[in-house]
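User: Please take a close look at how the protein chains meet each other in this model. Then carry on from there to the DNA, keeping it specific enough that I can follow along in a viewer.

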Protein chains: 2
Amino acid sequence: MNRFLSHATNRIDAKGRVSVPSAFRAVLSDGGVRELYCFQDFVFPAISVGGPELLDRFEKQMAAEDPFSDAANQMSLLVHGGGVFVKLDPEGRLMVTDFIRDFTGISTDVTFVGRGDHFQLWEPQAFARAQAEAREGRKQRGLRPE
Amino acid sequence: MNRFLSHATNRIDAKGRVSVPSAFRAVLSDGGVRELYCFQDFVFPAISVGGPELLDRFEKQMAAEDPFSDAANQMSLLVHGGGVFVKLDPEGRLMVTDFIRDFTGISTDVTFVGRGDHFQLWEPQAFARAQAEAREGRKQRGLRPE
DNA sequence: GCTTCTCCCATTGACGCCCATATGGTCCCA
DNA sequence: TGGGACCATATGGGCGTCAATGGGAGAAGC
């Protein structure tokens with residue numbers, strides 16, 4: 001199963017490190033990814049993380065839109081200008097920098113959320129709220145699986 | 001019989017495991033399913049469980065709409081972030097994680113409910129209530145055999 | 001110099017795989 | 001038809017492995 005699924009919450013240690021869930025690390029090493037690209041999500045207060053190929057995907061999406069639209073401009077600003085590279089330590093941990101903390105509100109714990117072709121870093125409470133809202137919205141629209 | 005039918009209640013052991021009813025396991029192995037996809041149901045306080053094709057269906061549905069829309073993002077939050085792959089141990093048991101407990105209210109016993117192409121995990125009392133309500137609602141709408 | 005970031009090792013707790021037991025049902029045969 | 005052997009399922013527990021976490025020491029930068 002070669003995609004990012006499920007969610008898990010891990011604690012940040014005294015040095016500001018947090019373990020990436022082993023299921024996610026397995027997906028990364030499957031794809032031969034050694035360096036991760038992180039940027040601020042467009043719709044949620046979360047940091048999106050993936051391999052370099054994640055850029056390709058967003059660039060394709062931008063190309064599909066009007067290149068001078070507000071949406072395309074914002075995307076480029078966030079993806080190209082606002083992204084940072086991070087790499088994991090030998091135990092599979094990453095440093096939670098201020099770049100991550102400020103945008104997400106993360107302080108002591110990080111919720112890792114699988115999003116298929118990438119994953120995200122959330123403040124635990126914020127994720128719980130967003131998920132509840134998503135479920136509520138879905139109920140109101142009457143959409144059902146299948 | 002390659003559909004999930006009927007219901008059964010099993011006990012969770014001291015390690016947090018519960019046996020999947022053998023009738024359900026038979027349906028799974030018939031379909032060659034080794035990994036199960038579980039997600040929090042959109043309507044009931046239950047966990048829905050099925051093969052990976054369940055997730056494929058969701059992903060097709062998402063791919064059909066604008067992948068950067070709020071609706072698609074919310075759906076991904078639920079089916080990717082709120083979904084888990086689990087596998088059974090050699091005896092056909094699964095771990096009842098907090099992911100399952102928190103959403104369903106399950107504590108000591110699990111009711112497995114067949115739903116045709118998938119099955120669900122319920123807190124026994126909650127299932128009894130939901131079933132009673134379904135019966136009642138049907139009566140009020142005028143009982144019809146389909 | 002001191003701080004900050006790596007890498008390395010230790011601990012602990014959870015999870016996986018294995019084997020053992022009980023309970024209830026079915027089939028066979030006298 | 002009744003008894004008993006056999007079987008399958010559900011359940012309980014031991015034990016090894018691995019992931020998550022904590023802390024120390026060396027290297028690099030300010």
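Analyst: A polar contact here is a pair of N or O atoms within 3.5 Å; within protein, one must be able to donate a hydrogen and the other to accept it, and residues adjacent in sequence count only if both atoms are side-chain atoms. The model is predicted, so local features need pLDDT of at least 70 and side-chain atom pairs pLDDT 80 or more, while totals for chains, interfaces and linings use all residues. Residues are numbered from 1 along each chain as its sequence is written, chains are lettered from A and ligands numbered from 1 in the order written, and side-chain values use heavy atoms, leaving out hydrogens and water.

By that count, nine residue pairs are in polar contact between chain B and chain A, both partners at pLDDT 80 or more. On chain B, the side touching chain A draws at least two residues each from strand E3 (35–40), helix H2 (53–64), helix H3 (70–79), strand E5 (83–87) and helix H4 (98–104). (Helices, H or I with at least four residues, and strands, E with at least two, are DSSP runs numbered from the N terminus.) H3(B) gives the most to that side, namely nine residues. Sorted by class, the chain B side has 15 nonpolar, nine polar and eight charged residues, where Asp, Glu, Lys and Arg are charged, Ala, Val, Leu, Ile, Met, Phe, Trp, Tyr, Cys and Pro nonpolar, and the others, Gly among them, polar.

In all, 32 residues of chain B and 29 residues of chain A take part in the contact (heavy atoms within 4.5 Å). The two chains bury about 2700 Å² between them, 59% of it on carbon and sulfur atoms; that is accessible area (1.4 Å probe) lost on being put together, summed over both. Phe42(B), Phe68(B) and Leu77(B) lose the most area to chain A in chain B, together 26% of what that side buries.

Now for the charges. Two salt bridges link chain B and chain A, a salt bridge being a side-chain nitrogen of Lys or Arg within 4 Å of a carboxyl oxygen of Asp or Glu. Arg3(A) and Asp56(B) form a salt bridge through their side chains, at 3.4 Å from N to O. Over all chains of the structure, the search turns up 11 salt bridges. The Arg3(A) pair runs from the segment before E1 of chain A to helix H2 of chain B, where Asp56(B) sits.

The copies meet through different surfaces, because only 16% of the interface residues of chain B are also interface residues in chain A.

On to the DNA, beginning with strand D. A total of 23 residues surround it (a heavy atom within 4 Å), and the closest are Asp13(A), Lys15(A), Asp13(B), Lys15(B) and Arg17(B). Both chains supply at least two residues each from strand E1 (7–11), strand E2 (17–19) and helix H1 (22–30). That surface holds 13 charged residues, alongside six polar and four nonpolar. Sugar or phosphate accounts for 45% of the strand D atoms within 4 Å of the protein, with the rest in bases. On the phosphate side, an N or O atom in the side chain of Arg25(A) is 3.0 Å from a phosphate oxygen, and a backbone N or O atom of Arg11(B) is 3.5 Å from one. The Arg17(B) side chain goes for a base instead, with an N or O atom 2.8 Å from a base oxygen of strand D.

For DNA strand C, 21% of the atoms within 4 Å of the protein belong to sugar or phosphate and the rest to bases. Around strand C there are eight charged residues, three nonpolar and no polar. Side chains reach its bases from both chains: Lys15(B) has a polar atom 2.9 Å from a base oxygen, Lys15(A) has an N or O atom 3.3 Å from a base oxygen, and Glu91(A) has a polar atom 3.4 Å from a base nitrogen. Glu91(A) also makes a side-chain polar contact of 3.5 Å with Arg93(A), which belongs to strand E6 (residues 93–95) of chain A. Leaving out residues up to four places away in sequence, Arg93(A) touches Asp13(A), Arg17(A), Val18(A), Ser19(A), Val20(A), Lys87(A) and Leu88(A).
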